[in-house]
Structures are given as C-alpha cells and as structure tokens.
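Dear colleague,

I am handing over the structure below, together with some notes on what was found in it. Please keep it open while you read, since the notes move from one part to the next.

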Amino acid sequence: MTEYPTSQEGPQPVASGGGTDDAGHGKAPIAAAEAVRTHAQAPGNEPGGAGAAGSDARPHSETSGLPRPRATADPAAGEGGQGSARTRDGAAARNAADAVDTGAGAPGGAAGSGAAAAAAAAAAAAAAAAAAAGLSGGSGIPEISSARREGDRLRFVGAATRRIARGIDLDEIVLGLCRATVPTFSDAILVYLRDPLPVGDERPVGPVVLRLRRTDRLRPIDDLTGAESAGTAGVPAPPGLMGGAGLLGGVGLLGASGELDFSQLPLVGPQGDLPAAELCEIRSGGALAEVLRGVRPVFGSSAAAKAALPELLGSEHPVPRGQRAILAPLRGRRRVIGAAVFLRTPDRPAFETNDLLVAAQLATHTALGIDKAVLYGREAYIADELQRTMLPDSLPQPTGVRLASRYLPAAETARVGGDWYDAIPLPGSRVALVVGDVMGHSMTSAAIMGQLRTTAQTLAQLDLPPAEVLHHLDEQAQRLGSDRMATCLYAVYDPVSHRITIANAGHPPPVLLHLGGRAEVLRVPPGAPIGVGGVDFEAVELDAPAGATLLLYTDGLVESRLRDVWTGIEQLRERLATTAQLTGLDHPPPLEALCDDVLDMLGPGDRDDDIALLAARFDGIAPSDVAYWFLDPEETAPGRARRFARRALARWGLEELQDSLELLVSEVVTNAVRYAERPVTLRLLRTDVLRCEVGDDSPQLPRQRRARDTDEGGRGLFLVNRMARRWGATRLSSGKVVWFELPLPGAHDRR
C-alpha cells in the first residue's frame, strides 16, 4: 500500500505499527505474522534444533530483534465500539504471538505441538493483519480503508498541483514539480524538456531534442554524516551495466537485490548527478517517440518503457527493474514538450496502478504550466522589445547641453506603458526636449505613444514653435481615436541665447535646479491634454542660465495612492535642493547620479505608474564663441563671407582652418544666394568643433549629385562632403539651413 501525505509541510503520520526509514519516509506496518515467521525460521529455533533444546524461553523482542507490533486506535475510525474492537483485535494478536513464542521456545515444545503452533501462528497473522489494516471483525471495513487511501491520494494530487501552479516562469514550475513529488511520491525525478521549447503554433524545423532540465532526489542522512549506507555500500556494479568502475568513480549504485539504489549517489542540484544523458534526440518511429505519442504514463517494466527509457537516459545508464519507474510524457496544449521520469529505491514499495493516474495529473499540470510560462516569456520579450524600440536607444549629445534619462515600467508584469521622452537636435545648435504620457499601460498605449513620438520628431524637424507642435499633436491624437488622450511637455533650448521656450499640454511642470542649489518649479501654463481638441496652447520663454539643470518627468514620479501630485512635486523640489547642497554650491551634481537620487525618493507603494525622466544640464555657448552676419543675396556675398570667416578665425587663433573654411563657406553661400530672395545668414560657432551655418528663405534642400565632366557646376556639395567632418541640411518654417563642421586642430571634447 502506498501512503500519500496530504501536505509538504513536515513529516506525515504513518500507519499503525509502521516505522520510518533514515530519510523520514513512512514504511508499511510490520505484521505480527511476519515477526512470528522470522522468529520461527531463525537459526536455532527450528523444531528439534539445538537452539530449541538448549535455550531459555525469552520474549519475542529479545530473540528476533524486531519491534513488537502494537495495534493502536485509528483517529479516523471514529469513536465507541469500532475503536474498542480494534483494541481487542490488537490484544488478541499480541496474545497469539506470545503463545507462539512460548510454545516454540519451550524445551521440546516445538516438536510436540507443531500443529498447535501452526494454528496459533495463523490466528496471530490474521489478527495482526486485521489490526494493521484497520479492520474490526471484517464486515465492510476494507472499503473504508480503500476509500481513505484514495482520499489521501487526491489530497496529495491537490497539494502537488497547487505547488506546481505557484510558478510563473519555467524554472519555478519545474522546481515545483520536483519539490512536490520528492520524497512524497518518488525518491528521484528527472525532467526532460524540448530544446528549444516551441511557442504557440510554432512548428519545429529540425529534429526533436530533449534536454535534461532538472533532476532531484531524496538526500539520505548518510549524505550528511558521511557514513556509508548499510547493506549497500561497497557493492560493486556489474561492468556491463555501469561500464567498468561506474560513472561515479566506483561508487556502487546497485542494492543488495540488484536494483538501482539512488541513495548511493552524491548530492544533486538543478543539473544533478543522477545517471542520465544530458541530451536525447528522439528518433522518428522509435520506442521513445511511440511512448511520447501515447501521452499516457507507463511503468518502467512495460515493454514500451523498457525500450524507451534506455533511449532517453542513455544506453550506458541503468534502468530500475520492476514497477519502480514511471515514464510520463509532458504534453502541452498542442504537442508533447518533454517527459518526466519518477523513480523509487528498492527499500520502498513499488508503484501501484493508481500511481499512473497520479503521474498523469502531475505531468498534465506541469506541461500546461510550462506552456503558459513559455507564452508569458514570449509576451514579456515582445513587450520589452516594443518598449525599447519606442524609446531612444541613446540620447544625442548636442552642443551646449548634456542629457541623461531614466525609464521605469509600472511593474514587472506590465513592462510597457505610454510614457516617453526624447531629445531632438535642431538647427542652430538648439535641442528640443520632449516628455509625454499616454493614458494606460497596455500595448495599445505603447502603440499610440510610438505614433505620437514619431509625429513629434517630424514636427520638430520642421522647426515649428512649441505651441504649434502641440497643436499638431492634438490633431494627430484625435485622428487616432476619440479616447486617445495624452499629456506632453515640449521645450526648445537655445545654447547661444541661453533661453528656453516651453509649451505644456496638461503635463506636470518641470523643475529647474540652479547652480547655487536653489530648485524652483517653473510656472508654465498647464494647458489641456492632447486629444481634447479645440484648445489653444500657450508657450513661455524663460532664462536658462549656464550650469542649471532642467528636470522633465511624468506623473508616475510624483503621484501615487499615498500622495497627490502637488505634494510629490514639492518633495521632488526639496530632494533636488538637498542633493545640490550635498555636492557643493559651486558646481552642479553629476547628471547620472542626480537621476538615480531622484528615483531613490520613491518608497514602498509610491510607484503606481510608469516613470519617464529626462534631465538636461545647460552649459550654453559663450557669446565670445559666436560670430553672426547678414549677407544680401548679391554676387559679392561669397567674397564678403570669406572675409568675415577669416576675421573670426584670426580672433579665435584658428588660422590653420582658414583655407578649408573659406572654400566651404564660399560654396555654401554661393548656393544660397542663387535661390534666396531675402538676406542670407552666416553663423560660426566655436565649441568642440567649428560649426558653420548658412540660412536662406528657400525651402528647397540641396542634394549632392555627381557632376559630369562637361558640367561647369554641381561640385560644391561634393567638396563639402569630402572636406567636412559632418554636414547636413534642415528645412525650417521660413526656409532652410545648411551646416557643416570642421574639427579643431588638436581639440578635445570641452564639455
């Protein structure tokens, strides 16, 4: 009879008269008849033997070394006469055993009363069996005992499936199966899964390969004490079975009965040391393929499993004999995804037929859980990739400003959301700073966020004012749907003028940290969220002093169930001021450390939403590093441009760049004068590079082309492309700007 404890929490009670092995397993009760038979067959106790003639009559426990079976009241049997009947049966069994011991141990008693001893032994066996099985007179009680065993089995299956269902990822589910079955159901388990695991409707392309995912086994007390297992230590394995000295350095794996004994193996972990192959390729039409196709668990002694187990575990590894192994296929929703092998040692009762149903339940719940875990892992991967592609991989490093950013999803289970940030370089060394928040945390919110971010980038490249950008974003949100709403803050920083222009659409206001450590919440018109429609957006222009830090964020940083948004904004302002005082008032705190410190203000329960954070450190460009001119669209404009450039280089001590700069300026200004109707602008900026910008009122962008040998023109942009470090052209609302950069001689990054 197999016992099934109903819980994994601590050792379970065993049946009356039963013992426990070294690992805490309950063993079957020892019947009184077995004690009598052992005593009667012991050397010296046979009829007419020397022991019978020359020994004193002693109690059974002293002569045989076995514990005397005791019949105890079963708490599940009820009260009253039934319990009393069991007590009487136990007493009868003990009296019968004593009578047999006395008759067999008395001088000459065994020879003269063999029939009486046999009758007494039979009576004792019957009484002890009835007491151990919970019988009271034999009228209808076997059905009660069988029902109790079935109840124990169902309770075990319920507890095991709950343990398996706790896992949300692959390793947790497999670990739950191992912990639920070892040692309650089996002494060892091996779990094989397909490599790679199929996802959804994916069909395998190559051969089906099973990989040993995890093994687990019962760790006996001998492993902790270092002692050898009694009766099995030192038993050599047959060379043909284990391959010479064996897989584990000569440690015997076979018990006294010749069966595989897993208690002699060393400790195992996730990739344990049970004798099994790491990889197994399933042959089409093979024995293992047939067992897996059948889905139902089979005993290791069955004809199908005898051929399938060596294919799975490896032909050089031993296979337990008898019903001490169960091979259970793991079938998901659409296909078999692996197999589990349950093993028992020789000192434990073999599996029963009903254990196949238990193995089938465990395998089914495990396979379905693995299917869900694989699907969840794929969804999480898609969500991560979607969020990663929606947000910038890296921030640009425009002239005169340094940037840092952070993004945190609402939770691990909701990896995507509608929060985004962006930094877009603009003509004239300006930069657009954008942060927004679409309502919701779903894939739909992330998709809408991606569309709005793309729209904002396109509008920024047109060099539209911030209020106009928000107006067009509002129209785009209305085209996406009536319920597509978002908040957004759009700011443009000019490092030359040290000014910033901000327009807000229902977003939390930014916080400006000055160089002296003072933090202030900027007063910007709040505006209506994007998607409302029919509202105007107002922009404000503010000072952006050098050394100041602007912090743009979403409401997830300052609002939660424990505090309102304005309380969170005030806490953010105080946190920035405190951080600035710690780093010193004469220099600003490092941007990356500042972002981390801001996120550290979040306590348990403070994060209910996504968080997008964008920090901008304003370095600016000194007026002494800027040269600016207006040129009338005349034929003399290129010559004047060369003279202005030559003077600027002499003032900056960059005469080495004179030839290159004059040639490129002449080509770009000539092209601008050809199409311009209004004055052309020329600006030189000295930062870590020398940047030249030429603007005109023509919206047509220049395109580089290969001139033919007979063409008189068309080679200006070819020269710019070959001599400049970088160059480009940007369309503006009032025309275009063509720019190029030359590296400074021996210059390094000055930021």
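Which residues of helix H12 (residues 303-313) are buried? In this model, which is a predicted one, the buried residues of H12 are Ala305, Ala308, Leu309, Glu311, Leu312 and Leu313. Directly after H12 comes Gly314, and the phi of Gly314 is positive, near 110 degrees.

Next, a pair of helices. Two packed helices are described by the angle between their axes and the distance between the axes. For helix H8 (residues 170-181) and helix H13 (residues 353-390), the angle is about 165 degrees and the axes are 8 Å apart. Because angles over 145 degrees count as roughly antiparallel, H8 is roughly antiparallel to H13. The crossing in which H8 passes H13 is right-handed. On the H8 side the contact is made by Leu170, Ile173, Val174, Leu177 and Thr181, which meet Leu362, Thr366, Gly369, Ile370 and Ala373 of H13. Sorted by class, this contact of H8 with H13 holds seven nonpolar and three polar residues, and no charged ones.

Leu362 also has a contact with Ala160, a residue of helix H7 (residues 141-165). Although Ala160 and Leu362 are 202 residues apart in sequence, their C-alpha atoms are 7.4 Å apart in space. Leaving aside residues up to four places away in sequence, Ala160 touches Ala180 and Leu362. Ala160 counts as buried because its relative accessibility is 2%, where the cut-off for buried is under 20%.

Further along the chain there is an open sheet of five strands, in the order E7-E16-E15-E12-E13 and with antiparallel pairing. Its edge strands are E7 (401-408) and E13 (519-521), each of which pairs on one side only. Neighbouring strands of the sheet are turned against each other by 20 degrees on average, with direction ignored. The antiparallel pairing of E7 with strand E16 (residues 611-618) runs over eight bridges, and one bridge joins Val401 to Phe618 in E16. Helix H16 (residues 565-583) packs on this sheet, where it touches E12 (511-513), E13 and E15 (549-553), and its direction makes about 160 degrees with that of E13. Helix H17 (residues 591-599), for its part, lies across E7, E15 and E16 and runs at about 30 degrees to E7.

Finally, some backbone details deserve a careful look. Most residues other than glycine have a negative phi, and most peptide bonds are trans. Where, then, is the peptide bond cis, with omega near 5 degrees? That bond goes from Val182 to Pro183, and Pro183 lies in the loop between H8 and strand E1 (188-194). The bond from Asp195 to Pro196 is also cis, with omega near 0 degrees, and Pro196 belongs to the loop between E1 and strand E2 (209-217).

As for phi, Asp463 is not a glycine, yet its phi is positive, at about 60 degrees; Asp463 sits in the loop between helix H14 (443-461) and helix H15 (466-480). With a relative accessible area of 16%, Asp463 is buried. His498, which is not a glycine either, has a positive phi of about 55 degrees and is placed in the loop between strand E10 (486-494) and strand E11 (499-505). His498 counts as partly exposed, at 21% relative accessibility.

With best regards

Terms used
Residues numbered from 1 in each chain as written. Predicted model: local features only at pLDDT ≥ 70, side-chain atom pairs only at ≥ 80, totals over all residues. Heavy atoms only, no water. Axes fitted to C-alpha atoms, helices over the stretch in contact; angles between N-to-C directions. Helix = DSSP H or I, 4+ residues; strand = E, 2+ residues; numbered from the N terminus. Parallel < 35°, antiparallel > 145°, perpendicular 65-115°, else oblique. Left-handed = near helix turned anticlockwise from the far one by under 90°. Contact = heavy atoms within 4.5 Å. Nonpolar A, V, L, I, M, F, W, Y, C, P; charged D, E, K, R; others polar. Buried < 20%, exposed > 50% of the residue type's maximum accessible area, 1.4 Å probe, protein only. Pairing = 2+ DSSP bridges.
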